Amino acid sequence: MQTHAFAAFEARARALDAADPLAWSKAEFHHPEGLIYLDGNSLGLLPKAAVARMVDVMQREWGEGLIASWNTAGWFTRSLALGDRLGKLIGAAPGQVAVGDSTSLNVFKAICAALGLRPGRRKIVSEASNFPTDIYMMDGAAQLYPGHEVKLAGRDGSLEDLIDEDTALVALTQVDFRSGRIHDMAALTKRAHEAGALVMWDLAHSAGAIEVDLDGCEADFAVGCTYKYLNAGPGGPAFIYCARRHLKEARHPLIGWIGHADPFAFSVGFEPAHDMRRFLSGTPVVLSFAPLEASLDIWEKVDMAELRRKSLSLTGLFIDMVDQFASRHGLALATPREERLRGSQVSWSHPEGFAIMKALIADKVVGDFRAPDILRFGFTPLTLSHADVVEAVRRFERILESGAWRAYGAGREGGALVT
Ligand SMILES: *Cc1c(COP(=O)(O)O)cnc(C)c1O
């Protein structure tokens with residue numbers, strides 16, 4: 001990139017950082033020395049306060065309180081308390097979100113609950129580009145419900161054509177994990193409802209990344225992760241949303257004692273809890289809640305409209321800068337240029353993407369690679385400045401100009417890119 005062009009981008013970054021209302025949040029997280037971390041969409045940074053919170057849960061709540069902490073420390077109700085706090089970030093009024101289990105399991109529970117609410121309809125509609133675990137869980141559910149089948153846009157027809165009067169559920173991931181393309185939640189939910197179907201939104205790459213209004217869109221079900229943009233750490237529990245209007249009727253087959261109306265009655269027959277606890281199966285993962293609590297303390301201070309503005313200015317700066325040399329080096333933008341359609345990540349395709357990403361990681365710019373040819377960069381507005389974007393691009397260009405990536409070989413060498 002020409003020196004004067006680079007200087008202009010540096011000036012733009014300085015101005016944006018100086019006016020950034022979210023600049024305070026970067027210091028709330030631990031940043032490994034010298035690293036520019038553009039993978040917070042896969043595993044978010046550690047909130048500094050999470051360490052003390054974890055120690056407190058271990059020493060005070062567990063060490064001292066022992067079993068009494070189920071009541072005195074609120075362990076038993078923590079899943080729903082955290083659900084209400086998290087709900088504020090995704091447009092869910094209290095009483096509709098539970099935190100627990102994994103996203104995969106919650107996908108399954110939400111699918112089954114939806115199928116139960118639409119008896120006689122046989123189709124689950126999704127997309128071939130959806131995250132594999134979502135599709136596998138749909139296949140698994142379809143096998144258990146006789147006559148049901150999964151129809152995938154991109155394989156079996158278009159989304160528009162597949163949604164019809166035989167559709168029980170439209171199950172989509174709002175932000176595509178490869179390209180970062182955003183689905184119009186309001187429009188697609190409306191389209192599904194017009195056909196008499198229900199919707200389930202996977203918010204894995206939405207929660208903490210973009211503004212989400214589940215209640216406003218009249219979504220039926222939603223699920224998502226906390227270890228990505230929400231910084232709850234590896235093993236961070238997932239969440240599940242069920243619209244209040246469905247709560248009384250919604251059932252799923254993974255009924256465990258924690259979802260019972262009165263778990264400590266230890267009764268033979270199952271009666272679902274009257275609140276979101278009915279979506280939980282087993283004992284809450286209390287230790288894994290600790291980092292999420294610390295993270296939500298930070299998120300509570302974040303205005304989601306400001307978050308979205310910063311996300312777009314980070315990704316916009318990155319795209320504009322890489323555009324300067326992309327075509328010369330065979331990089332093609334795989335993320336929508338249109339802001340309305342762009343999540344909080346930027347993906348470039350390149351046939352040697354795996355080797356380039358390895359070289360970038362060696363140069364302490366951590367993004368990731370998604371087969372077959374996607375270099376993926378996540379931009380987490382709470383943990384990044386525009387100056388970080390400039391420095392990341394400087395190293396990116398240097399690697400391409402020098403051809404340093406060629407030393408990292410071609411092909412994926414049979415494994416995932418572990419950083
Ligand atoms: C990351 C991700 C998941 C992960 O599911 P786990 O059960 O946490 O492994 C599920 N769905 C989507 C769309 C994802 O991006």
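I began with a term: two strands pair if DSSP finds at least two bridges between them. With that settled, I looked up Val 170 and found its bridge partner in E6 to be Val 199. I note here that the model is predicted.

**Entry 1. The seven-stranded sheet**

I traced the strands next. An open sheet of seven strands has mixed pairing and follows the order E2-E8-E7-E6-E5-E3-E4. I recorded strand E2 (97–99) and strand E4 (149–153) as the edge strands, since each pairs on one side only. Between neighbouring strands of this sheet, I noted an average turn of 20°, direction ignored.

I then followed the pairs inside the sheet. E3 and E5 run parallel and are joined by three bridges. In this pairing I found Lys 123 opposite Thr 167 of E5. E5 is also joined to E6, by five bridges, and these strands run parallel. Strand E6 (residues 198–202) and strand E7 (residues 221–224) run parallel as well, with three bridges between them. There Trp 201 stands opposite Ala 222 in E7.

I looked for helices lying against the sheet. Helix H5 (residues 103–117) packs on it and touches strand E3 (123–127), strand E5 (167–173), E6, E7 and strand E8 (239–242). The direction of H5 makes about 170° with that of E7. Helix H8 (residues 185–194) also packs on the sheet, where it touches E5 and E6. For H8, I noted an angle of about 150° with the direction of E6.

Is E5 enclosed or open to the outside? Seven of the seven residues of E5 are buried, so the strand is largely enclosed by the rest of the structure.

**Entry 2. Strand E10 and its partners**

I turned to strand E10 (residues 345–349), which is mostly covered, with five of its five residues buried. I checked its two faces and found both covered. Gln 345, Ser 347 and Ser 349 are buried on one side, and Val 346 and Trp 348 are buried on the other.

I found two bridges between E10 and strand E9 (residues 332–333), and these strands run antiparallel. Ala 332 has Ser 349 in E10 as its bridge partner. E10 also pairs with strand E13 (residues 374–378) in the antiparallel sense, over five bridges. In that pairing Gln 345 stands opposite Gly 378 of E13.

**Entry 3. The largest pocket and Asn 231**

I looked up the largest pocket and noted about 280 Å³ of space in it. Its lining has 17 residues, and those nearest the centre are Leu 43, Gly 44, Leu 45, Leu 46 and Pro 234. Which kinds of residue make up the lining? I recorded eleven nonpolar, six polar and no charged residues.

I then examined Asn 231, which lies in the loop between E7 and E8. Asn 231 has a relative accessibility of 4%; because buried means under 20%, the residue counts as buried. Apart from neighbours within four places in sequence, its contacts include Gly 44 and Leu 45. I also listed Phe 29, Pro 47, Thr 226, Pro 291, Ser 295 and Trp 299 among them.

**Entry 4. Glu 401 and the start of the chain**

I located Glu 401 in helix H14 (residues 386–402). Its relative accessibility is 42%, and it counts as partly exposed. Leaving aside neighbours within four places in sequence, I found Glu 401 in contact with Arg 328 and His 329. How far apart in space are Glu 401 and Met 1? Their C-alpha atoms are 9.8 Å apart, while 400 residues separate them in sequence.

**Entry 5. Backbone exceptions**

I kept a general rule in mind: most residues other than glycine have a negative phi, and most peptide bonds are trans. I then listed three places that depart from it.

- A cis peptide bond joins Ala 371 and Pro 372, with omega at about 5°. I placed Pro 372 in the loop between strand E12 (368–370) and E13.
- Asp 101 has a positive phi, near 55°. Asp 101 is found in the loop between E2 and H5, and it is partly exposed at a relative accessible area of 27%.
- Glu 218 is not a glycine, yet its phi is positive, about 60°. Glu 218 sits in the loop between helix H9 (214–217) and E7, and its relative accessible area of 48% makes it partly exposed.

Technical notes: Residues are numbered from 1 along each chain as its sequence is written. This is a predicted model: local features need pLDDT of at least 70, side-chain atom pairs count only at pLDDT 80 or more; totals for chains, interfaces and linings use all residues. Side-chain values use heavy atoms; hydrogens and water are left out. On a 1 Å grid over the protein atoms alone, a cavity is a set of points where a 1.4 Å probe fits but cannot get out, and a pocket is an open set with protein on both sides within 12 Å along at least five of seven lines; lining residues have an atom within 4 Å of a point. Grid points are joined across faces, edges and corners, and a volume is the space filled by probe spheres set on the points. Ala, Val, Leu, Ile, Met, Phe, Trp, Tyr, Cys and Pro count as nonpolar, Asp, Glu, Lys and Arg as charged, and the others, Gly among them, as polar. Helices (H or I, at least four residues) and strands (E, at least two) are DSSP runs, numbered from the N terminus. Axes are lines fitted to C-alpha atoms, for helices over the stretch in contact, and angles run from 0 to 180 degrees between N-to-C directions. Contact means heavy atoms within 4.5 Å. Buried means under 20% relative accessible area, exposed over 50%, partly exposed in between (1.4 Å probe, protein chains only).
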